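This report describes how certain aromatic side chains are arranged in a protein model. Please keep the sequence and the structure in view while reading.

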Amino acid sequence: MQIDFQGTGLQAVRRPPGADWQRMMWINADRVLYLGLLGEPTVRCFGGFSVYLSLRGTHRICVDGGDWQDSAVSVVPPYVRHRIVSGERMICNLLVEAETVDLAALPPHLRVGRGAVDAPAALQRMREALDILGRADNRRYASTAAFDEAFFGAPLRTRALDARVLAVLDRIKSDPNGHVSAQECAAAAHLSVSRFLHLFKAETGSPFRSFRTWQRARSLLYYVTQSSNLTDIALDAGYPDSTHFSHSIRQVYGLTPKSIFAGSRKLALYASGAGVPRFSYH
């Protein structure tokens, strides 16, 4: 059976039952799909909506220090600390950047989800989409809208943003490893620093510094299949030194950079859009 990703020309044949899963990551500036090893993360904290999807069984999740829950699908809102343990070696993790979507128009399981969610129809759709994408060619050419259509049933409505904030977001996301300051952004927007910081948080839901920190840590995902020295990657990713790099990455992913890179050795990376290092194209 062939399925087309909403006119993008991206087609795939459904995987045979029981076929092995290919480790892969599809990433652009708005979404991430990771299908691979989970490892043994400690507390993690992502800047986007995080959806965990077990491939066949279930996983356990603890959100913001609450009780552990068992589920096949879990949702964690942006900037919420959580821990996860999978009953399988591999897991699927979808990330949706919060500033790109209208929160009021999100699917119910994303809008109200906090930990384990009971959404059998959404679970079935996401597993089917995963099967399809697992056999697709030219994955990097699928758009954000096509990705949303496959995994959520329709393109997620875009959030309306102040043009001044949107310009800052574009600047940071096009160069997440840069060192743009609030002072620079405020000056470009013709605002005082305090007014700019208030506007940024009101529009995006995230403090400026937290967003910038997340985008830098998120940019690591573009490098994970590279064989370069970790110190060189730390500098390329905009961190002042390897110690700061290791600490910051562990605060976000619950894993050290060394563990992340070790678990990504057989990962197929498909990346496109703003912020992509030239060498990371597959």
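## A buried phenylalanine in helix α6

F196 has a relative accessible area of 1% and is therefore buried, since buried means under 20%. The model discussed here is a predicted one.

F196 shares helix α6, which covers residues 193-204, with F200. The two residues are four residues apart, about one turn of the helix. F200 has a relative accessibility of 0%, so F200 also counts as buried.

## Pairs of aromatic rings

How many aromatic pairs does the model contain? The count comes to nine aromatic pairs. One of them joins F196 and F200, with 5.9 Å centre to centre and 50° between the planes. This pair is classed as tilted, because its angle falls between the limits of 30 degrees for stacked and 60 for edge-to-face.

F200 also pairs with F211, at 5.7 Å centre to centre. Here the planes stand at 65°, and the pair is edge-to-face. F200 belongs to helix α6 and F211 to helix α7 (residues 208-219), so this pair ties together parts that are 11 residues apart in sequence. F211 is buried as well, with a relative accessible area of 2%.

## The aromatic cluster

Which residues form one aromatic cluster? The cluster consists of F196, F200, F208 and F211.

## A charge over a ring

Another aromatic ring, that of Y239, has a charged partner: R216 lies over the face of Y239. The distance from the ring centre is 6.0 Å.

Technical notes: Residues numbered from 1 in each chain as written. Predicted model: local features only at pLDDT ≥ 70, side-chain atom pairs only at ≥ 80, totals over all residues. Heavy atoms only, no water. Phe/Tyr/Trp six-rings, centres within 6.5 Å; stacked < 30°, edge-to-face > 60°. Buried < 20%, exposed > 50% of the residue type's maximum accessible area, 1.4 Å probe, protein only. Lys NZ or Arg CZ within 6 Å of the ring centre and 35° of its normal.
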